[in-house]
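Thank you all for making the time this morning. I would like to take you through one model, and I will ask you to keep the sequence and the structure in view while I talk.

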Amino acid sequence: MNSQQFENILVDVADDVCTITLNRPHRLNAWNGQMSAELYDAVTMANDSADVGAIVLTGAGRGFCAGADIKDSFKARLDDTAERTGMRGDWIELVRSSKPLIAAVNGACVGVGATMILPMDVIIASDQARFGMAFVKMGVTPELGSSHFLVSRVGFGRASEMCLTGRLYSGQAAFELGLADRLVEHARLLDEATTLAAEMAANPAPHLRWVKQLLTANGSQQDIKAVQRLEGEVLAKAYNSAEHREAVDAFVEKRNPDFRSLR
């Protein structure tokens with residue numbers, strides 16, 4: 001994987017972690033159709049690469065993603081000149097079936113910038129980050145499943161306040177609300193995110209995605225029997241996996257397991 005095939009993002013793979021950087025810093029990485037398509041393709045490529053165990057998403061410059069590009073998206077749509085390039089498929093399905101995905105939010109994270117990361121596994125906020133569900137201020141409404149994932153992360157009342165006011169929240173406030181899972185000093189943001197990603201990547205690849213499958217399906221499931229039934233089905237696959245055998249053999253032989261060679 002390399003960045004040469006992309007215009008709006010950068011891609012770097014090192015030490016088992018793929019770092020994808022939204023790269024329109026002159027517009028605070030505002031979303032447009034091409035960035036959306038490139039991002040979908042980059043995550044798909046990372047998922048297909050044996051050199052990648054986990055993915056970090058961040059932004060170049062002062063912003064993470066300041067929402068939809070008003071000129072390229074909203075104004076063009078009103079003028080019926082909007083570009084027709086979009087996601088290659090279902091973003092939520094991609095994220096929830098993906099290798100571990102960590103958002104490292106370095107600055108303004110507004111509108112689609114916020115909704116695109118809500119289904120990710122961990123959100124780490126810089127103390128310089130700013131979060132906003134500002135859809136109502138633009139005369140539009142939330143998307144990308146955010147009316148589900150935001151409530152899941154922060155609760156009904158807080159989600160309502162965020163969406164109905166369109167207010168901006170600091171990184172500290174987002175952490176206190178539960179929107180961000182970690183809050184770190186700005187200079188430590190990428191180190192914190194890549195260290196966590198590498199820790200996840202060291203685990204067996206199929207099992208990481210199976211765990212995500214369970215959390216996705218069972219997180220809001222009210223039927224406990226259905227929860228256990230799915231857990232049993234996935235656990236049966238895990239027991240029969242080469243990674244499980246390698247983990248047991250490594251424990252008995254008093255060595256570290258080598259899961260990467262089994263990808």
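What follows is a walk through the interior, the charged pairs and a few individual residues.

Before anything else, please keep in mind that this is a predicted model, and that the values I quote are computed from it.

Let me begin with the interior. The largest nonpolar core has 46 residues, and those that touch the most other members are Ile-20, Leu-57, Trp-91, Val-105, Ile-117 and Phe-131. Helix H1, which covers residues 33-48, gives the most to this core, with six residues. There is also a second, separate core of 14 residues, and among its members are Val-56, Ile-102, Leu-189 and Leu-196.

Phe-131 deserves a moment on its own. If we leave aside neighbours within four places in sequence, Phe-131 is in contact with a list of residues that includes Val-105, Cys-109, Ile-117, Ile-123 and Ala-125. The list for Phe-131 also takes in residues from further along the chain numbering, including Arg-167, Leu-168, Tyr-169, Ala-174 and Leu-179.

Now to a residue that you may want to find on your screens, namely Lys-212, which sits in helix H9, residues 205-218. Is Lys-212 buried or exposed? Its relative accessible area is 5%, and because the cut-off for buried is under 20%, Lys-212 counts as buried. What, then, lies around this lysine side chain? A polar atom of the Lys-212 side chain is 3.4 Å from the backbone oxygen of Lys-99. Apart from residues up to four places away in sequence, Lys-212 touches Val-95, Arg-96, Ser-98, Lys-99, Pro-100, Leu-101 and Asp-121.

Pro-100 comes up again with Met-200, a residue of helix H8, residues 189-201. Beyond its neighbours up to four places away in sequence, Met-200 touches Pro-100, Ile-102, Val-122 and Leu-208. The C-alpha atom of Met-200 is also separated by 9.9 Å from that of Asp-16, although the two residues are 184 residues apart along the chain.

Asp-16 brings me to the charged pairs. As a general point, side chains of opposite charge can pair when their charged atoms come close. The structure holds 12 salt bridges, and I will go through three of them.

In the first that I want to show, Asp-16 is paired with Arg-260, with the closest N and O atoms 3.6 Å apart. Asp-16 lies in the loop between strand S1 (9-14) and strand S2 (17-22), whereas Arg-260 is in the segment after helix H11 (242-252), so this pair ties together parts that are 244 residues apart in sequence. The two partners may be described separately: Asp-16 is buried, at 11% relative accessibility, while Arg-260 is partly exposed, at 44%. Asp-16 and Arg-260 also belong, with Arg-263, to a network of salt bridges.

The next pair joins Asp-181 and Arg-153, whose closest N and O atoms are 3.3 Å apart. Here Asp-181 lies in the loop between helix H7 (171-177) and strand S10 (182-184), and Arg-153 lies in helix H5 (residues 146-154), so the parts tied together are 28 residues apart in sequence. Asp-181 is partly exposed, with 35% relative accessibility.

The last pair I will mention is Glu-246 with Arg-255, where the closest N and O atoms are 2.7 Å apart. Glu-246 counts as buried at 14% relative accessibility, and Arg-255 is partly exposed at 33%.

Turning to the surface, which residues form a nonpolar patch there? They are Ile-70, Met-138 and Val-140, and together they have about 240 Å² of accessible area. Ile-70 belongs to helix H2, residues 70-78, and is partly exposed at 42% relative accessibility.

Finally, a word on the backbone. Most residues other than glycine have a negative phi. Against that background, Leu-28 has a phi near 55°, a positive value, and Leu-144 likewise has a positive phi, of about 55°. Leu-28 is in the loop between S2 and H1, and is partly exposed with a relative accessible area of 24%. Leu-144 is in the loop between strand S8 (130-132) and H5, and is partly exposed with a relative accessible area of 25%.

That is where I will stop, and I am happy to go back to any of these residues.

Terms used
Residues numbered from 1 in each chain as written. Predicted model: local features only at pLDDT ≥ 70, side-chain atom pairs only at ≥ 80, totals over all residues. Heavy atoms only, no water. Helix = DSSP H or I, 4+ residues; strand = E, 2+ residues; numbered from the N terminus. Buried < 20%, exposed > 50% of the residue type's maximum accessible area, 1.4 Å probe, protein only. Polar contact = N/O pair within 3.5 Å; in protein donor to acceptor, adjacent residues only side chain to side chain. Contact = heavy atoms within 4.5 Å. Patch = residues over 30% accessible without salt bridge, like charges linked within 9 Å, V, L, I, M, F, W, Y side chains within 5 Å. Areas by Shrake-Rupley, 256 points an atom, 1.4 Å probe, with all protein chains shown as cover. Salt bridge = Lys/Arg side-chain N within 4 Å of Asp/Glu carboxyl O. Core = buried A, V, L, I, M, F, W, Y, C linked by side-chain atoms within 4.5 Å.
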